[in-house]
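Trainee: I am new to this structure and would like a close look at a single part of it, set against enough of the rest to find my way. Please take your time with the answer.

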Amino acid sequence: MTFATSTPLTEFEETRRRHLKLYRAALNGDWEVARRIYDDSGENIGVRLAKNGDTALHIAAAAKRIDFVKKLVGKMSIDDLANRNEVGSTALFFAAASGKVELAEEMMNKNQEIAMISDKFGTLPIELAAALGHKDMVNFLYQKIGDVLGENNRKDLFINLIEAELYDTALQLLDDFPELAIARASARDNEIGVTALHVLASKHPKFSNYSNWGGIFKRCFNCGAKTIEKEQLEAWKKLVERIWERVILLSDIELSELIAKPKKLIFDAAERGNVDFLSILICEYPDLIWKVDGDENTYSIFHIAVKNRQADIFKLIYEIESSYKDILLRFEDNERNNILHLAGKLASSDQLNIVSGAALQMQRELFWFKKVEEVVQRKFTEARNTEGWTPRALFTEKHKELRDKGEKWMKDTATSCMLVATLIATVVFAAAFTVPGGANQTTGFPIFLGKSSFKIFAISDAVSLVSSSLSVLNFLSILTSPYAEEDFLWMLPRKLHNGLVTLFISIAAMMLAFSTTFFIFFHNRRLWIAILVTAIASTPVIMFIRQHFQLFSDVLRSAYASDSLFQKGNSSLFRKEGEASVEQHGMARIINAPCTCSTNV
């Protein structure tokens with residue numbers, strides 16, 4: 001058998017194969033392969049290897065191959081380092097995107113000017129690093145080129161730092177260039193660019209919320225993360241204060257235009273629940289409390305808070321004197337909906353999903369309506385919009401589907417839990433008459449009556465029987481409820497909570513009774529069997545807690561802690577020792593502020 005010899009490769013094919021080998025070598029950081037190719041073929045070290053014009057340096061920098069980049073840069077000229085791909089990016093862009101300072105340092109040691117080469121969109125490597133949140137890279141590049149940055153690049157860098165939540169670095173930039181406080185970022189298509197305040201209005205660093213057992217351990221032991229979050233919070237606060245100190249020195253017309261375009265930042269902050277941002281602004285410029293959205297609807301920040309169910313914003317209304325409060329709450333929209341009508345409308349899905357279960361969502365909506373009803377004048381409760389709906393009638397109409405879903409969810413949950421509780425009651429009831437070891441045929445007393453473990457068995461069995469019976473009664477009362485709207489406010493959540501608690505107690509007590517049975521039999525010999533069985537028996541209890549913890553916590557809050565949603569002072573994150581909160585300072589000035597009722601934001 002003969003084999004045909006392979007056809008010699010054309011020059012194009014040879015070059016293509018060589019470039020692919022170089023590409024893989026740069027991607028894998030294999031310098032020896034790349035060096036042999038360069039030495040044997042005399043290939044240009046800045047040759048383009050990818051369709052978008054990337055060179056070996058671009059590829060190695062993107063792959064974070066530090067040693068490869070170091071050796072490659074050593075063989076390159078200053079002009080080679082400035083090579084750009086199809087979108088105008090030098091290899092320093094890829095180094096900035098990777099966040100590896102060592103890569104940027106190797107390149108800039110040979111050609112520092114590449115840091116000022118922008119891509120075809122006018123973006124610099126330092127701006128890209130800021131947008132991606134690489135703090136160390138931003139600090140390194142800023143030390144190198146901070147003094148020569150152009151005005152537009154400084155503006156964009158400042159905004160990118162805030163958007164990436166690098167507040168301490170943004171503060172440093174603001175210290176060097178105070179005019180950035182009122183500067184707008186570059187905008188395309190002739191739009192008005194955002195200012196730093198617009199970005200800060202939608203951002204607020206908060207401590208992590210933990211809703212599972214893993215989170216509890218993190219909260220107890222992850223002290224370093226808490227420190228970082230606290231430092232970030234303080235930097236955020238200081239940045240907002242510094243910017244606002246500069247902004248309020250503008251004239252009223254200039255200030256109104258700055259905070260209104262391209263979007264109305266105080267309403268954006270209210271919509272997102274950024275109470276601390278608004279408190280800082282209102283503290284120094286109380287007239288903001290009277291600003292209303294004059295484009296489509298006459299809404300104050302409190303109308304926006306109710307519409308978006310932002311309790312931290314709305315509860316600031318309690319700090320205002322009743323006469324001013326009445327003025328703020330009397331505003332209506334184009335359809336004559338007052339603030340109570342807004343509470344009567346169904347909340348957005350992201351707000352409803354804060355709690356689990358349609359019944360608890362219905363309870364939260366009812367609670368919001370009641371709280372808003374408490375602060376408005378009585379005439380607002382009877383006011384009709386252009387469609388003839390009173391707030392209460394509107395609430396019933398808009399929440400009809402949610403009420404039906406809540407009823408079904410509550411009944412399904414009660415039915416499932418009642419079945420489990422009934423089975424437990426049946427088992428432990430039978431166990432009471434079939435005690436471990438049996439009874440003495442002469443006296444009729446249990447044989448192991450004198451043992452402590454038997455006493456624990458008897459008590460835990462009785463506790464399980466009583467608690468499971470109580471659980472059945474609780475869930476049975478849920479099934480027979482008339483399910484009126486008011487029932488969702490307190491009665492149904494509390495019955496569900498009590499049913500879940502007694503069900504958990506019955507499961508735990510049943511497992512304890514089961515485990516003590518083994519201690520009775522293996523007390524003197526092979527005690528390890530009883531211990532092992534106890535460890536295994538605890539598994540259902542742990543699984544029950546873990547799988548139902550979120551539901552239980554939501555039910556607990558809904559049943560007994562809903563009032564805490566509107567407690568005063570909960571949002572005072574910046575309160576210092578011996579000093580009133582930012583909100584109290586701001587509200588004290590608001591109380592005496594003149595009512596301008598301005599419709600211009």
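How many disulfides does the structure hold? And once that is settled, what can be said about the loop between H18 and H19, where Gln310 has its place?

Mentor: This is a predicted model, and the structure in it holds zero disulfides. Two cysteines can still be placed by their cover, since Cys283 is buried at a relative accessible area of 13%, and Cys417 is likewise buried, with a relative accessible area of 13%.

Before turning to the loop, it helps to have the whole in view. The protein has 30 helices and zero strands, and of its 601 residues 46% are buried. When contacts with a separation of 6 or more are considered, 74% of them join residues that stand 24 or more positions apart.

Now to the part you asked about. The loop lies between helix H18, residues 301–307, and helix H19, residues 311–314, and Arg309 is found in it. Although Arg309 is not a glycine, its phi is positive, at about 55°. Arg309 counts as buried because its relative accessible area is 3%, and the cut-off for that word is under 20%.

Gln310 has its place in this loop between H18 and H19 as well. Gln310 also counts as buried, because its relative accessibility is 15%. Leaving aside residues up to four places away in sequence, Gln310 touches Ala270, Glu271, Arg272, Gly273, Ala305, Gln351 and Trp368. The C-alpha atom of Gln310 is separated by 8.8 Å from that of Asn274, a residue 36 positions away along the chain.

Several of these names can be followed into their surroundings. Helix H16 spans 265–272, and the loop between helix H15, at 252–260, and H16 contains Pro262. The peptide bond that leads from Lys261 to Pro262 is cis, with omega near 5°. Further along the chain comes helix H17, residues 275–284, which is mostly covered, with nine of its ten residues buried. Those buried residues of H17 are Val275, Asp276, Phe277, Leu278, Ser279, Ile280, Leu281, Ile282 and Cys283, and the last name in that list is the cysteine whose relative accessible area was given above as 13%.

Trp368, one of the residues that Gln310 touches, leads to another place to look, namely helix H23, which covers residues 358–375 and packs with helix H25, residues 391–398, at an angle of about 170° and with the axes 12 Å apart. That angle makes H23 roughly antiparallel to H25. On the H23 side the contact is made by Met362, Glu365, Leu366, Phe369 and Lys370, and on the H25 side by Pro391, Arg392 and Phe395. Divided by class, the residues of the contact of H23 with H25 are five nonpolar, no polar and three charged.

For a comparison with the positive phi of Arg309, you can turn to Tyr483, which is not a glycine either and has a positive phi of about 60°. Tyr483 sits in the loop between helix H27, residues 452–479, and helix H28, residues 491–521. Tyr483 is buried too, with a relative accessible area of 2%.

Two further helix pairs can be set beside H23 and H25. Helix H1, residues 11–28, packs with helix H2, residues 31–41, at an angle of about 150°, and their axes are 9 Å apart. H1 and H2 are therefore roughly antiparallel to each other, and H1 passes H2 in a left-handed crossing. In this contact Arg18, Lys21, Leu22 and Ala25 of H1 meet Val33, Ala34, Ile37, Tyr38 and Ser41 of H2, and the residues divide into six nonpolar, one polar and two charged.

The other pair is helix H10, residues 151–163, and helix H11, residues 167–176, which pack at an angle of about 155° with their axes 8 Å apart. H10 and H11 are therefore roughly antiparallel to each other, and their crossing is left-handed. H10 brings Arg154, Leu157, Phe158, Leu161 and Ile162 to the contact, while H11 brings Tyr167, Thr169, Ala170, Leu173 and Leu174. By class, the contact of H10 with H11 has eight nonpolar, one polar and one charged residues.

How values were computed
Residues numbered from 1 in each chain as written. Predicted model: local features only at pLDDT ≥ 70, side-chain atom pairs only at ≥ 80, totals over all residues. Heavy atoms only, no water. Axes fitted to C-alpha atoms, helices over the stretch in contact; angles between N-to-C directions. Helix = DSSP H or I, 4+ residues; strand = E, 2+ residues; numbered from the N terminus. Parallel < 35°, antiparallel > 145°, perpendicular 65-115°, else oblique. Left-handed = near helix turned anticlockwise from the far one by under 90°. Contact = heavy atoms within 4.5 Å. Nonpolar A, V, L, I, M, F, W, Y, C, P; charged D, E, K, R; others polar. Disulfide = S-S within 2.5 Å. Buried < 20%, exposed > 50% of the residue type's maximum accessible area, 1.4 Å probe, protein only.
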